[in-house]
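User: Please take a close look at one part of this protein for me. I am a first-year student, so explain each term as you go.

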Amino acid sequence: MNKVSVVVYGAENVCASCVNAPTSKNTYEWLQPLLARKYPNIQFEYTYIDIEKDDDNLSDHDQHFIEQIQEDELFYPLITMNDEYVADGYIQLRDLTRFVNKIEAQ
């Protein structure tokens, strides 16, 4: 069985550039049942990192994404899968499925 580590970087407030988008936490909660239903043969592991509050035990990789968000190079929520950037800002299902389909094909 393939495994996919999903990390959602976000904050309590909606990103200023993502008006009318769901909150980061809502996106995190939306992903879990959606991916489990669409990909029953893949084991997903989920992590939520609040870019404004969580600063303990973060990897350099996590810090790098948080810095890019804080410098407005990327938007939140930002989603990585298996440590690879997948999508940021207004999250669309096709970006996620494109990545997972590659994993599933391996």
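The part I would like explained is the stretch from helix 2 to strand 4, with the hairpin in it.

Analyst: Some ground rules come first. This is a predicted model, so local features need pLDDT of at least 70 and side-chain atom pairs count only at pLDDT 80 or more, while totals for chains, interfaces and linings use all residues. Residues are numbered from 1 along each chain as its sequence is written, and side-chain values use heavy atoms, with hydrogens and water left out.

Now the setting. The protein chain has three helices and four strands. Helices (H or I, at least four residues) and strands (E, at least two) are DSSP runs, numbered from the N terminus. Along the sequence the pattern reads β-α-β-α-β-β-α. Your part begins where helix 2 (60–70) gives way to a loop, and that loop leads to strand 3.

Start in the loop. Asp72 is found there. Asp72 has a positive phi of about 60°, although it is not a glycine. Its relative accessibility is 60%, so Asp72 counts as exposed. The scale is this: buried means under 20% relative accessible area, exposed over 50%, and partly exposed in between (1.4 Å probe, protein chains only).

Move along to Pro77, in that loop as well. A cis peptide bond joins Tyr76 and Pro77, with omega about 0°. Both residues touch Ser24. Contact means heavy atoms within 4.5 Å. Ser24 itself lies in helix 1 (residues 24–38). Ser24 is buried, with a relative accessible area of 1%. Leaving aside neighbours within four places in sequence, its other contacts include Val8, Tyr9, Gly10, Ala11 and Tyr48.

Next comes the hairpin. Strand 3 (residues 78–81) and strand 4 (residues 84–88) run antiparallel, and four bridges join them. Two strands pair if DSSP finds at least two bridges between them. Take one bridge: Leu78 has Asp88 in strand 4 as its partner.

Two residues sit between the strands of the hairpin. Asn82 is in this turn. Like Asp72, Asn82 has a positive phi without being a glycine; the value is near 50°. At 29% relative accessibility, Asn82 counts as partly exposed.

Finally, step back to the protein chain. Buried residues make up 44% of its 106 residues. Among contacts between residues at least 6 apart in sequence, 61% join residues at least 24 apart. The C-alpha atoms fill a box of roughly 35 × 30 × 20 Å, taken along the principal axes.
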